[in-house]
Amino acid sequence: MSQSLLQVKGVTRIFESAKQAPVQALTPIHLNVEKNDFVTILGPSGCGKSTLLRIVAGLDTPSSGQLYLNQAPITGPSADRGMVFQSYTLFPWLTVAENIRYGLTEKGMNAKQQQEICQYYLNQVGLKDFADHYPRQLSGGMQQRTAIARALANSPKMLLMDEPFGALDNQTRVMMQELLLNIWEKEKTTVMFVTHDIDEAIFMANRVVIFSARPGRIKTELASPFEHPRHYTLKTTPEFMALKSQITEEIRQEMLDAFSA
Ligand code: ADP
Ligand code: MG
C-alpha cells in the first residue's frame, strides 16, 4: 500500500500561558496529503489554520499527535518544506536572483547549476528583467512571485503557503492565483495552501479541507473537480458558483454555532 506524502495523525495544539486560560487552537487533526495534490485549508480567522501549517513546517510543535513526511517524523524545519507567508519575507539586502539562489548557495550547489535553476524560475514567475532588483524596488505581487520562485528553486517535497496573496489587491491576487496554478500544472509540486477566501480555496485546489471555528478541527472536505488548465472565468460558471454557495453555507453555519456556543 502506498503511503501519503504527508500524514497528520491526531495533532492537537494548546497554547498555555501563565496569566490566561489555555487556548485550544487545534483539536485532533487527521489529514493525509498525497504527492502532487493541491490542498487548500479553508476556515474563518482564528480557527487554527496557521497553527497547523506552522506545525507541518516544523516551526511549532504539537501538544499531542504525530506528523510524518515520507514516513519520517517531522521534527523541525527543513528545506524539504518550502514556506511562503503572507508578509514579505525576502532578504532585503539580496537581489531577486540572489534571493532565489539563496537555498542553493547554502547547499553548496555549483554556480552554473544555481544560475540555470534561478533563470528557470525567474521565467516561470515572469521576473527575468528584474533579476538584479532589490525587494524594495518591487511591487507586493512581484515580491510574492520572488518568494514563490525562491521556495520552488529548492525543489521542496511540499510547498506550504499561508494566505500568500492576502496582502495583495484583488486584481493582483487573481493574477497570482493563475500564475501559481500554471506552475503547479507543469510541476505538480505538492501544495498545502491556507486561505479564508472561498473563491481562492476552490479555484486553486483539488481538495478543499474546511475547518470549523476554534477550536480548529476538520469539519468536512470537498473535491474541487474542475479540469486543468483553469482560467479565471471558471469562477463565474454555474458549477463553480454552486460549490461556492455550498461552502459558504457550511462556513456560515459553523460561525453561527460558534457565536451561540
Ligand atoms: P488562523 O490562522 O486560522 O487565523 P491561528 O492558527 O493563527 O488561526 O490561531 C488559532 C488560535 O490560536 C487563535 O485563537 C489564536 O489567538 C491562538 N494562537 C495562535 N498562536 C498563538 C500563540 N503563539 N500563543 C497563544 N495563542 C495563540
Ligand atoms: Mg492565519
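Ala, Val, Leu, Ile, Met, Phe, Trp, Tyr, Cys and Pro count as nonpolar here, Asp, Glu, Lys and Arg as charged, and the others, Gly among them, as polar. This is a predicted model, where local features need pLDDT of at least 70 and side-chain atom pairs count only at pLDDT 80 or more, while totals for chains, interfaces and linings use all residues. Residues are numbered from 1 along each chain as its sequence is written, chains are lettered from A and ligands numbered from 1 in the order in which they are written, and side-chain values use heavy atoms, with hydrogens and water left out.

**View 1. Who sits around ligand 1?** Meet Phe 15, Ala 25, Pro 44, Ser 45, Gly 46, Cys 47, Gly 48, Lys 49, Ser 50, Thr 51 and Arg 214; a residue joins the list if one of its heavy atoms lies within 4 Å of the ligand. Sorted by type, this shell has four nonpolar, five polar and two charged residues. Helix H1 (residues 49-57) chips in the most, with three residues. Helices (H or I, at least four residues) and strands (E, at least two) are DSSP runs, numbered from the N terminus.

**View 2. Polar contacts hold the spotlight here.** For these, look for a pair of N or O atoms within 3.5 Å; within protein, one must be able to donate a hydrogen and the other to accept it, and residues adjacent in sequence count only if both atoms are side-chain atoms. Cys 47 uses a backbone N or O atom, 3.1 Å from an oxygen atom of ligand 1. Side-chain N or O atoms take part too: one of Ser 50 lies 2.8 Å from a ligand oxygen, and one of Thr 51 lies 2.5 Å from a ligand oxygen. On its own, ligand 1 exposes 570 Å², and the protein buries 59% of that (Shrake-Rupley method, 1.4 Å probe).

**View 3. Helices H4 and H5 pack together.** H4 (residues 140-153) and H5 (residues 170-187) meet at about 20°, with axes 11 Å apart. Axes are lines fitted to C-alpha atoms over the stretch in contact, and angles run from 0 to 180 degrees between N-to-C directions. The pair is therefore roughly parallel (under 35 degrees; over 145 is roughly antiparallel, 65 to 115 roughly perpendicular, the rest oblique).

**View 4. A cis peptide bond shows up before Pro 229.** Most peptide bonds are trans. The one from His 228 to Pro 229, though, is cis, with omega near -5°. Pro 229 lies in the loop between strand S10 (218-223) and helix H7 (238-260).
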